[in-house]
Structures are given as structure tokens and as C-alpha cells.
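Open the model in your viewer and show side chains as sticks. This tour goes from one selection to the next.

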Amino acid sequence: MRNILITGGAGFIGSHVARLFVNKYPDYNIVNLDLLTYAGNLENLKDIEQKSNYTFVKADICDYQVVTTIFSEYNIDSVIHLAAESHVDRSIKDPFSFARTNVMGTLSLLQAAQNHWKSDLKNKLFYHVSTDEVYGSLGKDGYFTERTSYDPHSPYSASKASSDHFVRAFFDTYKLPVVISNCSNNYGAYQFPEKLIPLFINNIKNNKPLPVYGKGENIRDWLYVEDHAKAIDIVFHKGTVGDTYNIGGFNEWKNIDLIKILIKTVDQLLGRKEGASEKLITYVKDRAGHDFRYAIDASKLKNELGWQPSLQFEEGIEKTVQWYLDNEEWVKNVTSGEYQKYYQQMYE
Ligand code: NAD
Ligand code: TYD
């Protein structure tokens with residue numbers, strides 16, 4: 001029996017992790033703590049909300065008193081911490097909310113875990129889900145490994161780097177059992193349509209311009225979200241306490257090449273002429289401080305814990321495009337805030 005607190009379980013990656021754990025481990029109690037910001041929607045979890053091993057709690061991770069009460073009430077023995085502000089462009093406009101949620105929120109959870117667990121640290125785990133963006137930017141060659149020095153550039157990555165440091169500080173100072181993973185860019189169903197892939201699928205479908213930052217030459221390493229959830233499952237159960245694991249897709253794409261694949265896939269699935277939507281590509285001013293390249297060396301996770309991505313990129317993209325085309329209502333409701341209004345009423 002485990003009582004696991006998943007934070008940010010109503011968001012993109014968190015909803016996939018919550019679904020995997022609730023379905024795969026009927027003996028675990030899963031408590032999903034989420035504030036339901038613009039990025040969190042309980043609609044993402046409709047299929048598991050009635051399960052007896054699943055509980056949702058609407059709360060702010062920054063509210064230390066409430067977090068402490070949740071630890072006691074559910075006798076939490078493990079945390080999988082995903083709640084965060086996650087979009088780089090938003091962090092450029094409003095860095096404060098990133099420091100608040102990502103740094104202070106993580107600290108509040110760490111402190112609550114430390115207080116609740118300090119008399120017996122056995123069989124406890126604080127799993128912090130982080131990003132490869134903490135390592136900064138690569139040139140054309142090389143990879144981020146677990147030993148790469150931190151060099152964050154955006155307010156988002158600076159806040160995540162800071163939270164990673166706090167997690168390690170709690171391990172070093174209080175012996176809190178922690179584990180961290182740093183993952184590359186995820187894609188798949190339920191991603192809020194502000195990030196590149198869902199935004200562009202939606203725009204191609206609706207014949208809207210595709211705002212390509214700079215020359216479109218920046219490179220990202222893409223991983224299908226369900227493969228990330230499986231990696232989290234493996235690190236949670238088999239990872240060494242105090243260690244860091246890099247998670248990546250071994251799958252680098254220049255933005256513009258990826259965008260052409262999205263155009264091809266959407267046009268094909270909608271029965272349009274090949275390349276019909278290429279005219280939508282619109283080069284715009286580059287993002288400030290835009291990291292050139294991310295690429296993860298995930299060999300530690302592969303060699304030590306036996307994880308590797310299971311889905312081929314072409315298949316993952318086709319599934320993802322199909323999902324967004326089939327779930328027009330979801331896209332409409334998350335972008336208009338309709339789901340927010342509905343669930344706020346239920347949980348206020
Ligand atoms: P997301 O923005 O889709 O979801 C974040 C969730 O956190 C939402 O449900 C939101 O309501 C919740 N939340 C925000 N502030 C909160 C608060 N104060 N209290 C409680 N809940 C709050 O994010 P995501 O893309 O699913 O990312 C999840 C985690 O994974 C983040 O920590 C992110 O840094 C990390 N990560 C993301 C990616 C990626 O490609 N998306 C890659 C690597 C790591
Ligand atoms: P994004 O999905 O925001 O993820 P991240 O910045 O965390 O890697 O962006 C992925 C890449 O796509 C990044 O290089 C920025 C670029 N991009 C665009 O060119 N246009 C856009 O409208 C967005 C959202 C991103």
C-alpha cells in the first residue's frame with residue numbers, strides 16, 4: 001500500500017502519470033493535488049475520476065498549511081511533483097509567478113514532506129519532475145548528461161533549476177529521500193495549445209498563421225508523453241535515492257522540419273492537397289534568449305533501469321494530430337476557459 005501525492009495531475013504530463021498509476025496500481029492510493037490553473041483541467045482525467053483509488057484535491061502547492069494538512073489527512077508517503085508553471089513564453093512576460101509556483105511551491109512541498117516523514121524516512125520518496133532546460137543550450141554537437149552543469153537562461157528554466165537545487169539541498173541537509181528526473185520536450189494528447197505542437201496543429205487545421213520564431217533552426221528532442229509517464233513509473237520504483245536521471249527521446253528535430261511534418265500530417269488527415277498549408281508558415285521575431293538546441297543523453301536510464309522510448313516519432317505524431325483533430329471541443333474549452341468555469345464552481 002502506498003499513499004502517493006501527485007501534484008499537477010490535472011496538467012498535461014501529470015494527467016498521463018495519474019492515469020498510469022491509478023490503472024496500473026489498484027493498491028496505491030493516488031491523491032491528485034492541483035490548483036486548476038489555466039493549464040489544469042479535470043476533463044483530462046474523466047476516465048479515472050470514479051476509481052476508488054483516486055482522489056482529487058484542489059489546492060495551491062504554495063499554501064504550506066494546506067499542503068501540511070493534506071500530508072496528514074492522506075498519510076502521504078510518496079510525492080511525484082509535477083505542478084509548475086511550464087511555458088517559457090509566459091515566464092518571459094511574468095517571471096514572478098514562475099518563482100512563486102516552481103520555487104516556493106516546491107519548497108513548501110519539501111518542507112511538508114520533511115515534517116511529516118522526519119521520524120521515519122524509510123519507504124518514503126520525494127520524486128521531483130524537472131526539465132532538460134536547466135542545462136541551458138547546446139551548440140550543434142554534444143548531449144546533456146546527468147553531470148552537465150546547470151546553466152539556465154529563461155525565467156522558466158531558472159525557476160526549475162532553483163527547485164532542483166532545493167530538492168538536492170533537502171537530500172544533503174535532512175536526508176530526505178529524493179529522486180529527480182530531467183526530461184526533454186514532451187508531446188501528445190492533453191497538452192495545452194500554447195506549446196509548439198498542439199498550437200501548430202490547431203492553427204494548421206483552422207488555416208491560421210504558424211508563428212515560427214527566428215529562422216526555425218532551433219532544435220528540440222521530442223518524447224511521446226506516455227513514454228515519459230512510463231519512465232517516471234520506472235524511476236519512481238527503481239531509481240536510486242539521491243540520483244538524477246535524464247529522460248529523452250533520442251529524437252532531435254529542427255523546428256522548421258518538425259513543422260513541415262505537422263503540416264503534412266494534418267493536411268493528409270484532413271484530405272487536403274499535399275503541402276497546401278505550407279503557406280501558413282510565418283517567420284516572426286525570435287524568442288528572447290531562445291536556447292538553440294536541447295539533446296538528452298538518456299543512456300543512464302537505459303543502462304541502469306532498462307527504459308527506452310517505445311513509440312516511433314512518426315507514429316506518435318500521427319496519433320497526436322489525430323487526437324487534436326478528434327477533440328476539437330477540448331481545445332475550444334481549454335482555450336476559452338470553459339472547463340475552468342465548470343470545475344471552479346464544483347471545487348470552490
Ligand atoms: P502543465 O502546464 O501542462 O501542467 C501544470 C499543472 O500544474 C497544471 O495542472 C496546473 O493547474 C498545476 N499547477 C500550476 N500551479 C500550481 C500550484 N500553485 N498549485 C497546484 N497546482 C498547480 O505542465 P506539464 O507540461 O504537464 O509539465 C509538468 C511538469 O513536467 C512540470 O514540472 C514541467 O516543468 C515538467 N516538464 C515538462 C516538459 C514538457 O515538455 N511539457 C518537459 C520536461 C519537464
Ligand atoms: P515550446 O513548445 O514552447 O517548448 P520549449 O520552449 O520549452 O522548448 O517551443 C518549442 C520550440 O518551438 C522552441 O524552440 C520555440 C519554438 N516555437 C515557435 O517557433 N513558435 C511558437 O509559437 C512556439 C510556441 C514555439
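Select Ile201, Asn202, Lys205, Tyr324, Glu328 and Val331: together they line the second largest cavity. Keep in mind that you are looking at a predicted model. The space enclosed here has a volume of about 40 Å³.

Now colour by helix. α6 (196–205) and α11 (328–336) each give at least two residues to this lining. Which helix supplies the largest share of the lining? α6 does, with three residues. Next, colour by residue class. The lining of this second largest cavity splits into three nonpolar, one polar and two charged residues.

Move on to the largest cavity. Select Val88, Glu133, Ser154, Arg220, Arg287, Ala288, Gly289, His290, Asp291 and Tyr294, which line it. About 40 Å³ of space lies inside the largest cavity. Keep the class colours on: its lining holds three nonpolar, three polar and four charged residues. How many cavities of 30 Å³ or more does a search of the whole structure find? It finds two.

Last stop: select residues 225–238, helix α7. Set a distance between its end C-alpha atoms; they are 20 Å apart. That agrees with expectation, because 14 residues at 1.5 Å a residue should span 20 Å.

Stay on α7 and pick out its buried residues: Val225, Asp227, His228, Ala229, Ala231, Ile232, Asp233, Val235 and Phe236. Look down the helix axis as you do so. An α-helix has 3.6 residues a turn, so residues three or four places apart point the same way.

Definitions and conventions:
Residues numbered from 1 in each chain as written. Chains lettered and ligands numbered in written order. Predicted model: local features only at pLDDT ≥ 70, side-chain atom pairs only at ≥ 80, totals over all residues. Heavy atoms only, no water. 1 Å grid on protein atoms, 1.4 Å probe; cavity = no way out; pocket = protein on both sides within 12 Å on 5 of 7 lines; lining within 4 Å. Points joined across faces, edges and corners; volume = space filled by probe spheres on them. Nonpolar A, V, L, I, M, F, W, Y, C, P; charged D, E, K, R; others polar. Helix = DSSP H or I, 4+ residues; strand = E, 2+ residues; numbered from the N terminus. Expected span 1.5 Å × (residues − 1). Buried < 20%, exposed > 50% of the residue type's maximum accessible area, 1.4 Å probe, protein only.
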